[in-house]
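Trainee: I should like to request a close look at a single part of this structure. Please begin from that part and then follow its surroundings outward.

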Amino acid sequence: MKRVQFEHSAIPYLFIAPQIIIISIFFLWPSAQAIYQSFLLEDAFGLSSQFVWFKNYTDTIGSDAWLQAAGFTLIFSSLVTFLSLALALLLAVKANEVLHGASTYKTMLMWAYAIAPPVAGLMGNLMFNPLIGDLYNLMNQFGFEFDHKLDSVDAGFVVVLISVWKQVSINFIFFLAGLQGIPKSVQEAAVMDCNSSTRRFWTITFPLLAPTTFFLVVINITYAFFETFGIIDTTTQGAPGGSTTTLVYKVYQDGFRGADIGGSSAQSVVLMIMVLALTVVQFRFIERKVHY
Amino acid sequence: MRSITLLTAGIATLASGAWAQTEIQFWHAMGGRLGEVVEEVAQKYNESQSEVVLVPTYKGGYEDTMTAGIAAFRAGQQPNIIQIFDAGAATIINAPGATIPVADLLDQYGDGFNANDYIEGVRNFYADSEGKMIGMPFNSSTPLLYYNKEILAEAGIDAPPSTWEEFEAMAPKIKEAGYQALAQSHSPWIFSENFHSRHNIQLATGNNGYDSTDVEILYNNDAMKTHWSKVKEWLDAGYYGFYGRGWGDNQDAFVQKKVAMWLGSSGSFGGLKASTDFEFGTAYLPYWKAIIDEPKSTFIGGAAVFAMAGKSDEENKATADFLNFLDSPEVQYFWHKETGYVPITNAAYELAKEDGYYESTPDAEIGILQLSQPGGEWTKGYRLGFYVQIREVMYKHYEGIFSGETSVDDAFAKIEEESNDLLARFHQTVN
């Protein structure tokens, strides 16, 4: 292989500087602060502080409330990721086959993507309001005894539903683009070989979509971990009984509402490590199975 | 509204020369109608004199305002005055150096300070253990029972319940008439903190937390457990409606005539008057006759204003001047009338009486009358660290009781354990 050696000059550094500055200001510096704060026990106003080694970690990580939040985050993220990907894929495949009025279908399926999570949360909140909510009434008309203010499964259902609804359209756009990127010739050849469209999907289309799927899995897990904060804050706020509190929401509750900076920092450091580990796993083990 | 005030302030500044005026910042948590009234108070103040320009800024809910204040203080950008709510009092009062006690501020820069000007229930809540006022009570409320007169009449009930025993007797009638009997906003505040005050029960060691931060919570007591077992019974029988944690969700149930009675804040009075299309009345917070014969006064809720430290003498003088204005009888009476929060000084209360306000609106006096009921040993207030989290713990386990996931005994054992962990952590944080 031929190695190309460029002359060293300042110009490339200049080009990456904006990105580096942004990462430093919005990621590296706050992360360093969080790690530093996580070893301190400090009053809210920062007037007195003491170095306490791992006390903030031992006090918060492993507490009942934290374990409950970790458990919920795991279930919630898996459900949101799986359901929003599966639904979007189904919709994309079907919309891709539509011949008449295809652009109408596509537009309708896409346009929820611009909605910010808190707005989605507020809309969901209205629909599930016990006094005026249509979905709330509908559920109860079917005899579910639906009560997301007290029943933790119902509350989980509400936040998963809203989170999935909000995310499906983004996934849909990517899947549709992915599907349209599959060469016609490959598809036609597959039709000659196999009559079953289901089988063609799993053996030809799905593997060819793998790069898109992998990318979306990474994006969706991040979404479920972090961005759903806005949905939870505007709907359940972690209730009932802390059953819909995600790890991020707990960091916010303890740090921002409760003024416990050390404990909140310790939790965010652990969360950061968890997400880093998850990302490493994704790229090392899952990406290997993806063929570009 | 705010931009108009800012604009007026800006024009005023230009007109009289910027160097002559001191600008002070006031961060508050009063949204909606309450926020408008704050703007009106600020406008009145700015028009009343020409040396100081007060700039009020709405910072979101109580927690948001406190967080904003903390972050600003850490960055050296704190406002002159900040509104801090009851549950956050321990956080700010246990950080000496973050604020100048209002008693000192008014002594040094203002006309002096006399704690006896304030009505009794308000005097101690934001004071230190020696009774020196650290924060100045601003919007002081107390829990009250609101009742829908039409529904009670429909159910054949003449008067709202004064005890929970009476409530139990009338609840089935209300259910028969097709309504839930009761809902409440904020169970930690009404059914926990004020439950203790009303029945004169100690809620934390160390003089309810005033004497020290090394304290333990005493919520796990028989009176509380009996009360909550009853509440759970009422919920199961359909007498009690739980519409979630949100303050507004439960208030809406009352406004929309799903429930006959609602436990809320005296500060809700103005808002309810505007949003209801039926006649409602206010009554004292009920108590258990079985626990106490003569009920005691309730705690004040709401919030206080604190003067933040690190400001120039000139600004502190302006702050003192505004605080004097804020506590003047006329302003307090205006605030009381517009919002329903109780007047916090004796003079303002007298003014409201002289003006005949309670003759035309007797329901507006209930809050201050309740606060003026005889106090007991445990009605002065409470001061507990990380109390925002402790309220979260309480909510969590109360929801467990309601949904049937936990028994009342287990719930209170957990509340005690988790709260004490938090209190121990807070003690270490500030010492």
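How many of the residues of H12(A) are buried?

Mentor: The model is a predicted one, and what follows should be read as a description of that prediction. In H12(A), ten of the eleven residues are buried, and the helix is thus described as mostly covered. The buried residues are Leu247(A), Val248(A), Tyr249(A), Lys250(A), Val251(A), Tyr252(A), Gln253(A), Asp254(A), Gly255(A) and Arg257(A).

The cover comes from both chains. Within chain A, the buried residues of H12(A) pack against helix H3 (64-97), helix H10 (210-227), H11 and H13. From chain B, H3 and H19 pack against these buried residues as well.

The loops on either side of H12(A) each hold a backbone feature. The loop between helix H11 (229-234) and helix H12 (247-257) of chain A contains Pro240(A). The peptide bond that leads from Ala239(A) into Pro240(A) is cis, and its omega is near -10 degrees. Just after H12(A), Ala259(A) has a positive phi of about 60 degrees. Ala259(A) is a residue other than glycine, and it belongs to the loop between H12 and helix H13 (261-286) of chain A. As a general background, most residues other than glycine have a negative phi, and most peptide bonds are trans. Ala259(A) counts as buried because 25 other C-beta atoms lie within 10 Å.

The partners from chain B lead to the contact between the chains. There, 34 residues of chain B are in contact with 25 residues of chain A. On the side of chain B that touches chain A, helix H3 (62-74), helix H12 (247-255), helix H19 (387-403) and helix H20 (408-430) each supply at least two residues. H19(B) gives the most, with nine residues. By class, this side of chain B has 13 nonpolar, eleven polar and ten charged residues.

H19(B) also packs with H20(B), at an angle of about 165 degrees and with the axes 9 Å apart. H19(B) is therefore roughly antiparallel to H20(B), and the crossing is right-handed. On the H19(B) side, the residues that meet H20(B) are Gln389(B), Ile390(B), Val393(B), Met394(B), His397(B), Gly400(B) and Ile401(B). Their counterparts in H20(B) are Val408(B), Ala411(B), Lys414(B), Ile415(B), Glu418(B), Ser419(B) and Leu422(B). The contact of the two helices has eight nonpolar, four polar and two charged residues.

Phe386(B) is located in the loop between helix H18 (366-371) and H19 of chain B. Although Phe386(B) is not a glycine, its phi is positive, at about 50 degrees. Phe386(B) counts as buried because it has 27 C-beta neighbours inside 10 Å.

A last point concerns the largest nonpolar core, which has 174 residues. Val102(B), Ala181(B), Val259(B), Ala260(B) and Met261(B) touch the most other members of this core. Helix H7 (residues 152-180) of chain A contributes the largest share, ten residues. Leaving aside residues up to four places away in sequence, Val259(B) touches Tyr179(B), Gln180(B), Ala181(B), Leu182(B), Ala183(B), Gly241(B), Ala253(B) and Phe254(B).

Conventions: Residues are numbered from 1 along each chain as its sequence is written. Chains are lettered from A and ligands numbered from 1 in the order in which they are written. This is a predicted model: local features need pLDDT of at least 70, side-chain atom pairs count only at pLDDT 80 or more; totals for chains, interfaces and linings use all residues. Two residues are in contact if their C-beta atoms, placed from the backbone, lie within 7 Å. Helices (H or I, at least four residues) and strands (E, at least two) are DSSP runs, numbered from the N terminus. Ala, Val, Leu, Ile, Met, Phe, Trp, Tyr, Cys and Pro count as nonpolar, Asp, Glu, Lys and Arg as charged, and the others, Gly among them, as polar. Axes are lines fitted to C-alpha atoms, for helices over the stretch in contact, and angles run from 0 to 180 degrees between N-to-C directions. Angles under 35 degrees count as roughly parallel, over 145 as roughly antiparallel, 65 to 115 as roughly perpendicular and the rest as oblique. A crossing is left-handed if the near helix is turned anticlockwise from the far one by less than a right angle, and right-handed if clockwise. A nonpolar core is a set of buried Ala, Val, Leu, Ile, Met, Phe, Trp, Tyr and Cys residues joined through C-beta atoms within 7 Å. A residue is buried if 20 or more other C-beta atoms lie within 10 Å of its own, exposed if 12 or fewer, and partly exposed in between; C-beta atoms are placed from the backbone.
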